Amino acid sequence: MRYSVVGLGKLGCSMAAAIASRGHHVIGYDVVPEVVDRLSAGRAPVEETALQELITTHRERLRATHSLEEAIRDSDVTFVVVPTPSDDAGAFDVSRATQAFAAIGRALAGKWQHTVVVTSTVLPGSVRYGLIPALEEAGGRAVGNGIGVCYSPAFIALGSVIRDFLHPDFLLIGESDEAAGAMLERAYREIMPGSPPIRRMSLENAELTKIAVNTFVTMKISFANMIAGLCERIPGGDVDVVTAALGADRRIGRAYLTGALGYGGPCFPRDNRALAFLARSLGERAPLPDATDAVNVALPGRILERLRPVLARAGTIGVLGLAYKPETQVVEQSQSIDIARALAAAGARVIAHDPLAGPMAAPLLGAGIDIAAEVRDVLQRADATLITTPDRAYAKLRASDFARPGASVVVVDFWRLLRDELERAPGIEYVALGIGPGGAEAGEPLAALWSARAAEQAVS
């Protein structure tokens, strides 16, 4: 089969290159001419791991066009990967997807068979009651008459889009009709090397499944962060010990159960809020998404309050990590940036570093926060350093990198990335989030709690 991809952002362009790498001809289209020109010239229009390599290696099967009609004419399956940003109510704005479907409907005039696949995240009802009518009205023909529509979002993370797309845990297909679903399933069997399980269902069930998956993951993250806070208050508490045991239970699983900073980026926060919006709109109580979001939003403030006594002695504070996750330039809703700004607002001198995201973070941080080109620039200047992102570049640091002759330095390790290396290193005051206090006095709060409980029970 031949494929087209409408929308050549990080996901769309990566999908196009990944499909081409599996031996298929792919044509890309985007409304931004510069994006099309770059891909036509063999250059990646966006930054993403392994994208340029795939474009270079498989260029003979991957091209781009300024004509949507050409893209539709020269393909059998079209993936629509256009932005669906959140609106003020917490829902998704599907106006660009609607415009794309209308344009595709016009381009399909006179073509007998084609499958259109919505990959952008949308709320239940969006495809059936919004996008399909736009396609049918513009094209003058009904879906099901040779034209099929599917909803099939990708479960990917920025920084590993290509790997995640080609090797998914499962594939989700919402279908307008059985023929459309069968067509897309056959396409996926040709593209995915590992034959992942496929779940086919109605459009609405698939739309709900997508936001439900992401919301469940955010709930696990917030739960683990709550456990980390509790571990910090019990003697010898260790969030890694607790969550490793929790994850051993097959009903729970280990993924996303770490305990550190909260979630951010372009998907998790908005999908969580979208599920809450959907529940309210349908008259259903769904307090879990709202509670998860509240825990996540409050987390940076809780962490900084706990660190206040440690950081009060620091004249200059370093922040290692500005992206919302490792190995990406994306800084959208990054809690590392929230922390850096809060420290600067409190009067601290802040110097930050990120292997990839420094230029993207600069406008969000403002002129009062320095962004260092190298990690060593931070470590040489900072009295206290916060490791806020578990990036591989920071995992390679050693105690000697932090050491400053004649002075003690503070290292706050949000992810316990360097615990074995720094916990007992001379000249370093090492603080790990999710780790409880030691010493005889560490048990005093628990002892007081149970003494009070014993007294209450004796009276009753």
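**Figure 1. A50 in the loop between helices α2 and α3.** A50 is placed in the loop that runs between α2 (33-40) and α3 (51-57). The model shown here and in the following figures is predicted. Although A50 is not a glycine, its phi is positive, at about 70°. In general, most residues other than glycine have a negative phi. With a relative accessibility of 37%, A50 counts as partly exposed, because that class covers values between 20% and 50%.

**Figure 2. E327 in the loop between strand β9 and helix α13.** The loop that holds E327 lies between β9 (316-320) and α13 (335-345). E327 is not a glycine, yet its phi is positive, at about 60°. The relative accessible area of E327 is 31%, so this residue is partly exposed.

**Figure 3. The aromatic pair of Y256 and F268.** The count of aromatic pairs comes to five. Y256 and F268 form an aromatic pair with edge-to-face geometry, the ring centres being 6.0 Å apart and the planes meeting at 70°. This pair links distant parts of the chain: Y256 belongs to the loop between α10 (239-248) and α11 (268-281), whereas F268 belongs to helix α11, and the two residues are twelve residues apart. The partners also fall into separate accessibility classes. Y256 counts as partly exposed at 45% relative accessibility, while F268 is buried, with a relative accessible area of 17%. The value for F268 is under the 20% cut-off for a buried residue.

**Figure 4. The ring cluster of Y3, F79 and Y188.** Y3, F79 and Y188 are joined into a cluster by ring pairs.

**Figure 5. V409 and the residues that it touches.** V409 lies in strand β13, which comprises residues 409-413. Its relative accessible area is 4%, and V409 is therefore buried. Leaving aside residues up to four places away in sequence, V409 touches A382, D383, F402, R404, G427, I428 and E429. P83 offers a reference point elsewhere in the chain: V409 and P83 are 326 residues apart in sequence, and their C-alpha atoms are 44 Å apart in space.

**Figure 6. S400 in helix α17.** Helix α17 spans residues 399-402 and includes S400. At 59% relative accessibility, S400 counts as exposed, because this value is over the 50% cut-off. S400 and R200 are separated by 200 residues in sequence and by 54 Å in space, C-alpha to C-alpha.

**Figure 7. The protein chain as the setting of the close-up views.** The secondary structure of the protein chain comprises 19 helices and 14 strands. Its C-alpha trace spans about 80 × 60 × 40 Å along the principal axes. The radius of gyration is 25 Å, which agrees with the value near 23 Å that a compact globule of 460 residues would have. Buried residues account for 51% of the 460 residues. Of the contacts between residues at least 6 apart in sequence, 72% join residues at least 24 apart. The accessible surface comes to about 20,800 Å², and carbon and sulfur atoms contribute 55% of this surface. The protein chain carries 46 positive and 52 negative side chains, and the centres of these two sets are 2 Å apart.

Technical notes: Residues numbered from 1 in each chain as written. Heavy atoms only, no water. Helix = DSSP H or I, 4+ residues; strand = E, 2+ residues; numbered from the N terminus. Rg over C-alpha atoms; globule rule 2.2 N^0.38 Å. Buried < 20%, exposed > 50% of the residue type's maximum accessible area, 1.4 Å probe, protein only. Contact = heavy atoms within 4.5 Å. Areas by Shrake-Rupley, 256 points an atom, 1.4 Å probe, with all protein chains shown as cover. Lys, Arg positive; Asp, Glu negative; His and termini not counted. Charge placed at Lys NZ, Arg CZ, Asp CG, Glu CD. Phe/Tyr/Trp six-rings, centres within 6.5 Å; stacked < 30°, edge-to-face > 60°.
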